[in-house]
Structure formats: structure tokens, C-alpha cells
Amino acid sequence: MTHLVGTPAQLRWQQLEFGVFIHFGINTFAGKEWSDGTIPASGFNPTELDAGNWVRAAKEAGARYVILTAKHHDGFCLWPSATTEYSVASSPWLGGDGDVVREVAKACHEQGIGLGLYLSPWDRNPESYSDPAAYDDFYIHQLTELCTGYGPLMELWFDGAGSVGREYHWDRIIAVVKEHQPEAMIFNMGQPTIRWVGNENGLAKDPVNYVVERTADTQYTESSSELGAESYLPPECDVSIRRGWFWHPDDQPKTTEHLLAIYYQSVGMGANLLLNLPPDTRGLLPDEDLRVLKEWKAELDRRLSGAVDATLENHDGGATLSFPAAVTFNHLELVEDLDSGQRITHHTVATDDGTLVEGMTVGNRRLHQTPVVTAERLHVKLSGEGSKLRSARVFTGALDAGVPTIPEGYEAPTEAPDA
């Protein structure tokens with residue numbers, strides 16, 4: 001593993017751990033996951049849109065940032081862009097005077113959480129898309145509007161779907177980001193600073209390496225993009241609370257247990273989790289989604305309660321974790337010292353009586369659900385030159401908690417759109 005070091009902005013982003021995705025647009029009103037840019041803008045007409053409803057739910061669930069689909073692949077813009085008539089300005093919502101991006105930006109500011117925006121490179125609406133140079137100008141104009149009109153952005157989400165084989169002028173595109181939003185994370189394309197985990201199930205798998213040479217483009221193809229050199233790119237795990245990304249009346253949210261299992265296999269593996277919450281045609285989050293979200297947060301809080309911090313003694317090849325007295329627990333959290341890069345390649349945790357758990361990388365946060373055990377000290381063996389822990393603790397508050405599982409055979413929908 002190459003010992004590249006994350007930038008301060010990357011490390012701050014990793015410590016956010018959990019964000020909420022908001023897929024909302026013309027698809028919401030057309031019952032589509034993928035639309036082709038021909039659905040009339042008049043179809044967009046939420047009756048009770050309340051971005052505060054979305055952002056409050058995100059914050060109450062523990063999210064530290066929100067990412068909104070400002071423009072999905074159909075090209076419909078949730079802000080009144082000067083580049084196109086295919087936007088909220090041509091819809092009946094608020095008489096054409098509405099701006100969903102501004103509503104979400106305001107709500108994020110009021111709630112004190114970060115704002116990120118998704119701007120699809122692939123656009124099925126404008127005629128200019130068939131002319132790469134003209135479309136680059138079009139896209140850069142849209143990106144500039146978003147980067148200059150809505151305050152600080154913590155992430156810009158460039159989705160690779162539909163763009164495999166297409167060359168965009170990434171140097172010009174990223175120059176806009178660097179000029180106007182230099183602290184924003186760049187997701188997966190152009191000159192990325194964070195990467196896609198490679199699936200839409202929200203799952204990372206051991207090892208979660210922060211230094212990579214390539215990024216996955218889309219789950220609809222086997223292609224990936226070479227970075228030209230190894231880069232420090234921590235992963236983000238995106239998944240919807242429902243099967244689809246956009247709201248559909250016949251869809252249902254995942255179970256609390258399913259969401260718990262996702263958390264352990266994303267945040268608990270050292271990756272960030274981006275959980276999609278799709279508003280319905282009212283412009284509100286569905287009651288059943290809010291119910292499951294609250295149940296999930298309550299159970300997470302219960303499982304990760306009763307924290308007892310360990311006194312940490314790093315030594316060559318590992319660390320000793322000591323507690324003030326014998327403690328009975330069933331969750332263990334390890335945090336790697338990333339100041340000199342990600343170095344831990346394998347770890348084993350043992351009590352005085354034998355091995356308790358083991359795994360590969362630790363990274364920003366490694367969460368192990370263990371058998372119920374009582375110990376006054378733990379012995380951690382670390383592999384990897386210069387390996388070092390920053391902190392460790394155990395949780396004692398939910399000794400009855402079972403190990404959550406994902407429904408057997410579950411896969412997020414993977415049907416590719418028509419070209």
C-alpha cells in the first residue's frame with residue numbers, strides 16, 4: 001500500500017461519515033427512474049414542497065451533509081438555469097418562480113449541515129449534447145451557476161452513468177470547481193478527490209483501500225477509469241432507502257435491519273455512507289420512510305451507547321487497549337491514525353484468553369460487532385509499516401443486539417437506460 005496522505009479537506013470529508021442523497025425531479029412525477037429529456041416541464045408541480053422536511057430528517061438521522069440531484073440525466077434543472085428552458089422556470093410550481101436548489105441550500109444553512117450538488121454530465125435533453133465542444137460550454141455554464149449561486153458546497157457529484165466512452169473537457173470543468181469551490185470534494189470523475197465504492201447497495205468490503213489507481217465508472221458496464229497514478233481517494237457508498245432512486249407509489253423502504261447491516265458495511269468499514277431519501281410528488285418525504293429512518297437511528301444510537309474509551313498504548317506491531325476496570329461489551333471501534341497515510345493492512349484483536357475479531361484495513365473508523373465479552377484489556381496486532389491507532393473504544397449499551405443481515409440475494413436495480 002502506497003503511503004499517500006489525504007488532504008485536510010479529504011480527511012474532514014471522511015470524518016463526516018454519513019450523508020443523505022436527495023433524488024427529486026421530473027422523474028418523480030412521471031414514475032420513471034430514467035427519462036429521456038422529453039417529458040414536458042409542465043409535469044413538475046410539487047404541491048407541498050418543503051426542503052426543510054428533507055434536511056431536518058437528514059440531520060435527525062445523523063447525516064452531516066445533503067447532496068441534491070440538481071440535474072439528473074434527463075436534463076431537467078431544479079434551478080432556473082440560463083442555459084435551458086427545461087427547468088423549474090418552465091413549470092407551474094410557484095408560477096415558474098421556484099428554485100429547489102435555493103430551497104435546499106437555505107435549509108442546509110439553517111440546519112448547519114453541508115450542501116453538495118449532483119450535476120449529471122450525461123444530458124438527454126439539449127441538442128448540443130451531440131456536439132462535444134458546444135456541450136462542454138453548456139455544461140460549464142451550468143456548473144458555474146451552481147458553484148457561484150448557492151454558497152459553499154462540500155461535494156460535487158459527477159455520475160458516470162451514460163458517459164462511458166464520452167470525452168468531456170474535464171480540465172475546463174474542474175477549473176470551475178477549483179476557482180469557485182476549492183474545498184468541495186469531487187466525486188469519481190474528472191480529477192476526483194473521492195471515489196464511488198463500485199455498487200449501489202451501499203456496501204464496502206474488506207480491505208477498504210484509500211489509495212487506488214483507477215475508479216469504477218458505472219455498474220452498468222465493466223469499464224473503469226485509469227487515474228494515471230496512485231491517488232488518495234476514499235470511497236463513498238451510495239444506496240437508496242427504497243429499491244429505486246426516485247419515489248414510486250408502489251415502492252417501499254428497506255427494513256431497519258437491512259439499513260443497520262448497510263451501516264456496519266459502509267461507515268463501519270471506514271467508508272462514507274450516502275443514503276438516498278426520495279421525496280414524493282408532494283415534495284415531502286413519505287411517512288413510511290421517515291418511520292424507518294427514525295427506527296434505524298434509534299437502534300444505531302442504542303447499539304453504540306455506553307461508550308467506554310480505551311487508554312491506548314501504541315507499540316511496534318500493534319497496540320494495547322486498557323480500560324479503567326473490566327468491561328462487558330459487544331461492539332468495538334478502532335480509528336487509525338491517518339496523519340501519515342493509511343498504513344494498516346490487517347488487524348487482529350485479542351483478549352487475554354484468545355482472538356476476538358480480525359479484519360484487514362481500519363481507516364477512518366472500523367466497527368466490529370463482537371460476541372459479548374468481558375475484558376480489562378485488549379491486544380491489537382497490526383500489520384503494515386508504521387501502523388498506528390489514533391483511538392479505540394467499546395460500547396456496552398446493547399448486549400442483546402443481534403447481528404443484522406441483508407436479505408439473501410438482494411441487489412439494487414441495475415437495468416441500464418436506453419442509449
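Helices are DSSP runs of H or I covering at least four residues, numbered from the N terminus. All views show a predicted model.

**View 1. The ends of helix H3 in the predicted model.** Helix H3 spans residues 51-60. At the N-terminal end of H3, aspartate 50 acts as a cap, with a side-chain oxygen 3.0 Å from the backbone nitrogen of glycine 52. Glycine 62 follows the helix and has a positive phi, near 105°.

**View 2. The covering of helix H3.** Seven of the 10 residues of H3 are buried, namely Ala51, Gly52, Asn53, Trp54, Val55, Ala57 and Ala58. The elements that cover these buried residues include strands S1 (18-22) and S2 (65-71), together with helices H4 (100-111) and H8 (287-303).

**View 3. Trp54 in the largest nonpolar core.** This core comprises 78 residues, among which Trp54, Val100, Phe158 and Trp296 touch the most other members. Helix H5 (residues 132-149) makes the greatest contribution to the core, seven residues. Beyond its neighbours within four places in sequence, tryptophan 54 contacts Ile22, Phe24, Leu49, Leu68, Val100, Val104, Pro279, Gly283, Leu284 and Leu285. A second, separate core of 21 residues has Leu321, Val327, Val357 and Val380 among its members.

**View 4. The cavity and its lining.** The structure contains one cavity of 30 Å³ or more. The largest cavity encloses about 40 Å³ of space. Its lining consists of Phe24, Gly25, Ile26, Asn27, Thr69, His72, Asp74, Phe76 and Phe246. By class, four of the lining residues are nonpolar, four are polar and one is charged. Phe24 belongs to this lining and is also in contact with tryptophan 54.

Technical notes:
Residues numbered from 1 in each chain as written. Predicted model: local features only at pLDDT ≥ 70, side-chain atom pairs only at ≥ 80, totals over all residues. Heavy atoms only, no water. Core = buried A, V, L, I, M, F, W, Y, C linked by side-chain atoms within 4.5 Å. Buried < 20%, exposed > 50% of the residue type's maximum accessible area, 1.4 Å probe, protein only. Helix = DSSP H or I, 4+ residues; strand = E, 2+ residues; numbered from the N terminus. Contact = heavy atoms within 4.5 Å. 1 Å grid on protein atoms, 1.4 Å probe; cavity = no way out; pocket = protein on both sides within 12 Å on 5 of 7 lines; lining within 4 Å. Points joined across faces, edges and corners; volume = space filled by probe spheres on them. Nonpolar A, V, L, I, M, F, W, Y, C, P; charged D, E, K, R; others polar. Polar contact = N/O pair within 3.5 Å; in protein donor to acceptor, adjacent residues only side chain to side chain.
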